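Reader: Hey, could you walk me through this one? I'd like to know what I'm looking at before I get into details.

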Amino acid sequence: MAGQSPRPAIRWHVGTVLLALVPIASCGLLGFVPAAWLAGYRRTAGSWLGLAGFSALTCAEVVVAELYPTPRTPPTAVFLPLVLGASLGALAHYLTSMIRWQHETRRAPAAVLPPGAMPVAMPVPSPPPYYGLPAVPPAAPATDDVGEELRRLSQRLRGPQ
């Protein structure tokens, strides 16, 4: 579209990338960590709901792993969906929330005004008074002839001779 500036790219910080990798690196056992960071930082209902969901997935993962002792492995039909849901789901939730949040903060106006309202101009502060300095006489009105204006200013600068 003509006249519009291109959208700036999403800013990925080191902390954002590390928080996104936590659920993958821990096989879903720490899938609640990015959700907890989002819930504490954004404080939205969706973020708190995500934290509750990923905490429940982590608890279910631990319970299934504890039900089956070490010599026998947990059943793949139950354990694998829990691991994938906790790790990939937490990653997807965190990344989509961060992308949505960055787009919202980029598009958000500084102040929301009702329709048809004009922003109020802030008053310009007056300069502080300069005590002890001589008062400057007001300048004569400008003329349309620039040459005449320059000659008059030159005479004024030279002073009385």
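Author: Here is a tour of the fold, then some side chains. This is a predicted model: local features need pLDDT of at least 70, and side-chain atom pairs count only at pLDDT 80 or more, while totals for chains, interfaces and linings use all residues. Residues are numbered from 1 along each chain as its sequence is written, and side-chain values use heavy atoms, with hydrogens and water left out.

Reader: OK, how many helices and strands are there?

Author: The protein has five helices and zero strands, so the order from the N terminus is α-α-α-α-α. Helices (H or I, at least four residues) and strands (E, at least two) are DSSP runs, numbered from the N terminus.

Reader: What about the confidence, on average?

Author: The mean pLDDT (the predictor's confidence in each residue, from 0 to 100) is 75 for the protein, and 66% of the residues score at least 70. Among the elements, H2 has the highest mean at 86 and H4 the lowest at 79.

Reader: And how much of it is buried?

Author: Of the 161 residues, 19% count as buried. Buried means under 20% relative accessible area, exposed over 50%, and partly exposed in between (1.4 Å probe, protein chains only). About 12400 Å² of the protein is exposed, with carbon and sulfur atoms supplying 69% of that; accessible areas come from the Shrake-Rupley method with a 1.4 Å probe, and for residues only the protein chains shown count as cover.

Reader: Switching to aromatics. How many pairs turn up in the whole structure?

Author: Two aromatic pairs. One of them is Trp 37 with Tyr 41, which is stacked at 4.9 Å centre to centre with 10° between the planes. For the terms: rings of Phe, Tyr and Trp (its six-membered ring) pair if their centres lie within 6.5 Å, and planes under 30 degrees apart count as stacked, over 60 as edge-to-face and the rest as tilted.

Reader: Where do Trp 37 and Tyr 41 sit in helix H2?

Author: They are four residues apart in H2 (residues 32-42), which means about one helical turn separates them. In general, an α-helix has 3.6 residues a turn, so residues three or four places apart point the same way. Trp 37 is partly exposed at 33% relative accessibility, and Tyr 41 is partly exposed too, at 47%.

Reader: What's the other pair with Trp 37?

Author: Trp 37 also pairs with Tyr 94, edge-to-face, at 6.3 Å centre to centre and 75° between the planes. This pair links distant parts of the chain, with Trp 37 in H2 and Tyr 94 in H4 (residues 76-107), 57 residues apart. Tyr 94 is buried, at 1% relative accessible area. Trp 37, Tyr 41 and Tyr 94 form one aromatic cluster.

Reader: I noticed a glutamate at 61. Is Glu 61 buried or exposed?

Author: Glu 61 is buried, with a relative accessible area of 2%. Glu 61 is in helix H3 (residues 45-67). Leaving aside neighbours within four places in sequence, Glu 61 is in contact (heavy atoms within 4.5 Å) with Cys 27, Gly 28, Leu 29, Phe 79, Leu 82, Val 83 and Ala 86.

Reader: Back to H4 then. What does His 93 contact, apart from its neighbours within four places in sequence?

Author: The list is Ala 35, Leu 38, Gly 46, Gly 50 and Phe 54. His 93 is in helix H4 and counts as buried, at 18% relative accessible area. His 93 and Gly 50 lie 43 residues apart in sequence, with 7.5 Å between their C-alpha atoms.

Reader: Last topic, salt bridges. How many does a search of the whole structure find?

Author: Two, where a salt bridge is a side-chain nitrogen of Lys or Arg within 4 Å of a carboxyl oxygen of Asp or Glu. Arg 151 bridges to Glu 148, with the closest N and O atoms 3.6 Å apart. Glu 149 bridges to Arg 152, with 2.4 Å between the closest N and O atoms.

Reader: How exposed are Arg 151 and Glu 149?

Author: Arg 151 is exposed at 51% relative accessibility, whereas Glu 149 is buried at 19%. As for the partners, Glu 148 is partly exposed at 36%, and Arg 152 is partly exposed at 29%.
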